[in-house]
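Trainee: I am new to this structure. Please show me how to read its features one by one.

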Amino acid sequence: MASVETAAEHERILREIESTDTNCIGPTLRSVYDGQEHGLFMEKLDARIRNHDREIEKMCNHHFQGFVDSITELLKVRGEAQKLKSQVIETNVRLQEDGKVLIGSMEELKQCRVQQRNIATTIDKLTHCLPVLEMYSRLQEQMRAKRYYPALRTLEQLEHTCLPRAGQYRFCSIMAENIPKLRTLIQDTAMTQLRDFLESIRKHSDKIGETAIKQAQLQRSLDSSVTLQPRALIGRRGRKEAAVVTESSGEGGSPLSEQDSGILDVEDEEEEDVLGAQDLVDFSPVYRCLHIYTVLGLRDVFENYYRKQRRKQARLVLQPHSNMHETLEGYRRYFNQIVGFFVVEDHILHTTQGLVNRAYVEELWELALSKIVAALRTHSSYCDDPDLVLDLKNLIVLFADTLQGYGFPVSQLFDMLLEMREQYGEILLKRWNITFRQILDQDNFSPIPVSTEQEYRQYTSQFPLQDPDLEKLSFPKKLPFSEFVPKAYCQLKEFIYACLKYSEDLHLSSTEIDDMIRKSTNLLLTRTLSNCLQYAIKKKNVGLAELVQVIINTTHLEQSCHFLEEFITNITNVPPETANATKLYGTATFKDARHAAEAEIYTSLNAKIDQFLQLADYDWMSAAQSSGGLTTSDYLLDLITFLRSTFSVFTNLPVSTHTHTHTRPHTHTHTHCCSTFTVF
């Protein structure tokens, strides 16, 4: 049973060897050698080999004749093959000989193809590199010409467009390394130009402001002479938009010159009538720097720097000189600088997009307005010259009108001018106080003699004298009043004119102007002129004739008060019957002065009478009395003579005053005598 299994196993192994690749029969043979039937397997293997050999021999015998025939044919073919080989070798030799020229041509063609490819590659590279070189050359020219904004545009195009297309070349690397340096150089140069511009407009702001104020003055004169249309905006529409367009388009941009400092040199003085104040300034450094910083992405930095510097300049401009109040030129220069500053800011506001905004300008103006008002209040308080105050007022009005033409609110300035009106009135009162005192000191307190009609008309033109009886008299004749009356009346009118001059251009109604003039005139009458008259009356060594003339003068001045009323009405066009209209207090003033003069006369006469009576030495027990005869005292005769001569001076007094001046001395004499008799 074991032998049968062994034989079957060997048979399987043999089949496996026959059917399996020889590389994989190792495990099969190992199983044979591991077993105990190695010899038996070898026998079977030999038998199988012999069996296969017999089959091969049978097959070879079956195909042998065909093999022999094939060998015979093969031997025949070998001879033909030798001939064919010889022919092929000959043909190859001839082909090689003939192909040498072709091979040379092919090598030349190959070389040409390589050169053509290299040339095409070079052209392609140059096509990308030449724009870089050309643009870099243009950049250098623009930098040398100091056209920095176009140079920055070229730099941006070179960096972002041309260099990436050119590829990695050494010169491209060098250019790329220089780009940040060039950008920094452009930025620093633009900032330097801006600093120069800011410094220049700071120095020349007074010239800019002077031109703007002249234009406002000219515009105001044209408006007043041609029509009463609202004041047009001055010079704003003449801005140089072309400069902004040129800078924005990248074209233009001139080399740095004197104009780049900010102020244009206008040689033709006649053109100043055409050019606006802002046209005196070359704003291109600001526009250029703004565009450059915008391209660099630093617009916020530029805006903050510009506003900070302008705020510093505003503080300097708004700081007045310590001696500004001494001359009008000091005020004018102060106003010119402020106007110049805000003309520039207004132009920047309207020609740039957001460099400054309306809120920023309004904030600056509010700061400036508060400082201007404070400075004017302080410095104007030192002024004691009414002419200077009036000139200052006109200058402030022109200053306010100029800035109002540029859209700045100026109501506070006009409010301050109304405050200054009180100060101006006080200064006028002081001047007129001196004037009235000088007139009184120079007056001879005697009626004015006139010899001719011309002299008479001259005085009546100065003072509204209406006396038909006097006019009927022949020349020479005397006016009842002294020189003080026409001079004082003219000075009253001059004072009214001075008040009217200050009220002009303050945008006040006729009623307000009339009220201001009447109030000021009342102060002049009730305070200044009244004090001067009291000064003249109470002055030492004033005789009765002078006091009588004062009464006559004040009587005529009192009668002229309604003419003053008419005079004010004519210049203000406000009828006196207007509701709430202020009335003149001249009548009461002159009445008080006349009463004071009368009282001084009474006091002086009474004192003189007392002197006569006190010096009298009466002998009441004289012989004349015992014999029944009466002898008048020499002292009383002297008193009567004095009174008679004194009363002759009172002939020109008004009736009521004339009566009082006669009765009161008699009454005082009677009272004194009665008291003397009572004692005795």
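Mentor: Start with burial. Buried means under 20% relative accessible area, exposed means over 50%, and partly exposed lies in between, with a 1.4 Å probe and protein chains only. F445 is buried, with a relative accessible area of 12%.

Trainee: What should I know about the model itself?

Mentor: This is a predicted model: local features need pLDDT of at least 70, side-chain atom pairs count only at pLDDT 80 or more, and totals for chains, interfaces and linings use all residues. Residues are numbered from 1 along each chain as its sequence is written, and side-chain values use heavy atoms, with hydrogens and water left out.

Trainee: How many helices and strands does the protein have?

Mentor: Helices (H or I, at least four residues) and strands (E, at least two) are DSSP runs, numbered from the N terminus. Here there are 22 helices and 2 strands. The protein has 680 residues, and 39% of them are buried.

Trainee: How do I read contacts along the chain?

Mentor: Contact means heavy atoms within 4.5 Å. Take contacts between residues at least 6 apart in sequence: 78% of them join residues at least 24 apart. F41 in helix 3 is a case to look at. At 2% relative accessibility, F41 counts as buried. Beyond its neighbours within four places in sequence, F41 touches H10, I13, L14, I17 and V32. The C-alpha atoms of F41 and A7 are 8.3 Å apart, with their places 34 residues apart along the chain.

Trainee: At what angle do helix 3 and helix 4 pack?

Mentor: Axes are lines fitted to C-alpha atoms, for helices over the stretch in contact, and angles run from 0 to 180 degrees between N-to-C directions. Helix 3 (residues 38–144) and helix 4 (residues 148–166) pack at about 160°, and their axes are 9 Å apart. Now the name for that angle. Under 35 degrees counts as roughly parallel, over 145 as roughly antiparallel, 65 to 115 as roughly perpendicular and the rest as oblique. Helix 3 and helix 4 are therefore roughly antiparallel to each other.

Trainee: Is the crossing of helix 3 and helix 4 left-handed or right-handed?

Mentor: A crossing is left-handed if the near helix is turned anticlockwise from the far one by less than a right angle, and right-handed if clockwise. The crossing of helix 3 and helix 4 is left-handed. Residues in this contact include H128, V132 and Y136 of helix 3, and Y148, L155 and L158 of helix 4. The contact divides into 14 nonpolar, 4 polar and 2 charged residues. Ala, Val, Leu, Ile, Met, Phe, Trp, Tyr, Cys and Pro count as nonpolar, Asp, Glu, Lys and Arg as charged, and the others, Gly among them, as polar.

Trainee: What about helix 12 and helix 15?

Mentor: The axes of helix 12 and helix 15 (residues 484–503) come within 11 Å and cross at roughly 165°. Helix 12 and helix 15 are therefore roughly antiparallel. Their crossing is right-handed. Among the residues that meet are L417, Y424 and W432 in helix 12, with F484, L492 and Y502 in helix 15. This contact has 16 nonpolar, 3 polar and 3 charged residues.

Trainee: Which backbone features should I check?

Mentor: Most residues other than glycine have a negative phi, and most peptide bonds are trans. K146 has a positive phi of about 60°, although K146 is not a glycine. K146 lies in the loop between helix 3 and helix 4. Phi of F445 is also positive, near 50°. F445 sits in the loop between helix 12 (411–442) and strand 1 (448–450). A cis peptide bond joins F475 and P476, with omega about -5°. P476 is in the loop between helix 14 (468–472) and strand 2 (477–479).

Trainee: How many aromatic pairs are there?

Mentor: Rings of Phe, Tyr and Trp (its six-membered ring) pair if their centres lie within 6.5 Å; planes under 30 degrees apart count as stacked, over 60 as edge-to-face and the rest as tilted. By this rule there are 16 aromatic pairs. The rings of Y334 and F335 have centres 5.9 Å apart and planes at 45°, so the pair is tilted. Y334 and F335 are both buried. The rings of F342 and W365 have centres 5.2 Å apart and planes at 85°, so this pair is edge-to-face. F342 is in helix 9 (residues 328–351) and W365 in helix 10 (residues 358–380), 23 residues apart. Ring pairs also link F341, F342, W365 and F408 into a cluster.
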